[in-house]
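User: Please take a close look at one part of this structure, the packing of its helices, and explain it in terms that a first-year student can follow.

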Amino acid sequence: MTTGGSQFVVDFGWQALLRELGISAQDVLRLAGLPLDLFSRETPTLSTAAYFKLWDAIMNASGDPLFPLKVGQAFSAETFSPPLFACYCSADLNTALDRLAQYKPLVGPLRFRVVRDDTQTSLTIEADDAGSPPTDIPLSYFLMEQVFLVHMARSATREKVVPLNVMLAEKLSDAAAYEAFFGCRVSVSGECGMVFSAADASRAFLTANDSMWSIFEPELRIRMGDLKRDASFQARVRACLTERLAGGHCTMSEVARHLAVSDRTLQRRLADEGTSFQKEITRLREELAAHYLTRSVYTNAEIAFLLGYDDPNSFVRAFHDWTGSTPDRMRAEHRVH
């Protein structure tokens, strides 16, 4: 996730994955020359260069040239990273790739471009910095991404999905092992990407879950909005609230503590940006309430919980204050339209 400039948030799934693969996080951070407390920080951020230094250190710590093949298959529907989990919730590979293309900046410094026609779906993987050629990114990182996508498609469909083509910007020294996994040749091209048949790209995911997507989509949308606002203090507060609402830990003091500022500083910085804590929590709740009421089948009690209210009546009263209407009326009007 970019935080202004070329800073990215290190997804917390990496630490869990390193533990699962038996690699010491501390050893990796030493090899990369990065702060040893990186993974214990509230929001661990790295520049693009440091991000790939971290990846190179993970590769070196593994001591295995086929590590991308292993790590790409280690991610699963149980790996708690909202953007990746959202992929498994998709109806098919086409939908999953579209979601990744939209939300990829939240989990790393790459961009996805998806083009499809009646016969195939093509994916191009690029550096987040449009001026950076593919050769500036470790080949192993591209491979990990490509292995993950094929593994995801196979896991979600329970079918042996085989890409029509896998492209890399450089020649691969261990091509045989990767070609055995992909089931097709790995070709050298001016760009990195993959091509899937239209039949495979539209094959139904058995892991499809619209209800779970309805929970994650507003959070991802809000996070992307925060990126576009250049990570203002207001955006940081909203991102914190989004993560903490359903747990009920959303008082001003709790959010201030999470952001490592005093209550007074939080109030002052929001005032400098023309807003307040109460305005932000109210706006966020109103946006999420409208989303849940029109795009999910959650009851008022379930929505009240997701918005951090102690009981459904508090939510209903607040909703009336915002809109002059009731949750049930909004739900009914949406069905009519």
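Analyst:
**Helix packing and its setting**

Among the contacts in the chain with a separation of 6 or more, 64% are made by residues 24 or more positions apart. The model discussed here is a predicted one. Its chain has 17 helices and 7 strands, and buried residues make up 49% of its 337 residues.

A convenient place to begin is helix α1, which spans residues 13-20. Leu-18 is located in α1 and has a relative accessible area of 2%. Residues count as buried under 20%, so Leu-18 is a buried residue. Leaving out residues up to four places away in sequence, Leu-18 touches Ile-23, Ala-25, Phe-39 and Ile-58. One of these partners, Ile-58, is 40 residues from Leu-18 in sequence, while the two C-alpha atoms are 8.4 Å apart in space.

Leu-17 is also found in helix α1. With a relative accessibility of 5%, Leu-17 counts as buried. With residues up to four places away again left out, Leu-17 touches Val-71, Ala-74 and Phe-75. Leu-17 and Val-71 are 54 residues apart in sequence, yet 8.1 Å separates their C-alpha atoms.

Ala-25, a partner of Leu-18, belongs to the buried residues of helix α2 (residues 25-32), which are Ala-25, Val-28, Leu-29 and Ala-32. Viewed down the axis of α2, these buried residues fall within an arc of 95°, so they line one face of the helix. An α-helix has 3.6 residues a turn, so residues three or four places apart point the same way. The face of α2 turned away from the buried side carries Arg-30 and Leu-31, which are exposed.

Next comes the packing of one helix on another. Two packed helices are described by the angle between their axes and the distance between the axes. Helix α3 (residues 48-62) and helix α4 (residues 67-74) have axes that come within 10 Å and cross at roughly 110°. Angles from 65 to 115 degrees count as roughly perpendicular, and α3 is therefore roughly perpendicular to α4. On the α3 side, the residues that meet α4 are Trp-55, Ile-58, Met-59 and Ser-62. On the α4 side, they are Phe-67, Pro-68 and Val-71. Sorted by class, this contact has 6 nonpolar residues, 1 polar residue and no charged residues. Two of its members have already appeared: Ile-58 as a partner of Leu-18, and Val-71 as a partner of Leu-17.

Helix α3 also packs against helix α7. The axes of α3 and α7 come within 10 Å and cross at roughly 80°, and the two helices are therefore roughly perpendicular to each other. From α3, this contact involves Tyr-51, Phe-52, Trp-55 and Met-59. From α7, it involves Ser-140, Tyr-141 and Met-144. The residues of the contact of α3 with α7 divide into 6 nonpolar, 1 polar and no charged. Trp-55 and Met-59 of α3 take part both in the contact with α4 and in the contact with α7.

The discussion can now turn to the nonpolar cores. In soluble globular proteins, nonpolar side chains tend to be buried together. The largest nonpolar core in this model has 65 residues, of which Trp-14, Leu-149 and Phe-182 touch the most other members. Helix α7 (residues 139-157) contributes the largest share of this core, 12 residues. Neighbours within four places in sequence aside, the residues in contact with Phe-182 are Leu-143, Gln-146, Val-147, Val-150, Arg-154, Val-162, Pro-163, Val-166 and Met-194. Apart from this core lies another, of 28 residues, including Leu-241, Cys-250, Leu-288 and Ala-318.

The loop that follows helix α7 completes the account. Arg-158 is in the loop between α7 and β5 (165-168). Its phi is near 60°, a positive value in a residue other than glycine. Residues over 50% relative accessible area count as exposed, so Arg-158, at 57%, is exposed.

A further loop, between β6 (186-188) and β7 (192-197), holds Glu-191. Glu-191 has a relative accessible area of 33% and is partly exposed. The C-alpha atoms of Glu-191 and Ala-169 are 5.2 Å apart, although 22 residues separate the two along the chain.

Methods:
Residues are numbered from 1 along each chain as its sequence is written. This is a predicted model: local features need pLDDT of at least 70, side-chain atom pairs count only at pLDDT 80 or more; totals for chains, interfaces and linings use all residues. Side-chain values use heavy atoms; hydrogens and water are left out. Axes are lines fitted to C-alpha atoms, for helices over the stretch in contact, and angles run from 0 to 180 degrees between N-to-C directions. Helices (H or I, at least four residues) and strands (E, at least two) are DSSP runs, numbered from the N terminus. Angles under 35 degrees count as roughly parallel, over 145 as roughly antiparallel, 65 to 115 as roughly perpendicular and the rest as oblique. Contact means heavy atoms within 4.5 Å. Ala, Val, Leu, Ile, Met, Phe, Trp, Tyr, Cys and Pro count as nonpolar, Asp, Glu, Lys and Arg as charged, and the others, Gly among them, as polar. A nonpolar core is a set of buried Ala, Val, Leu, Ile, Met, Phe, Trp, Tyr and Cys residues joined through side-chain atoms within 4.5 Å. Buried means under 20% relative accessible area, exposed over 50%, partly exposed in between (1.4 Å probe, protein chains only). The arc is that of the directions from the helix axis to the C-beta atoms.
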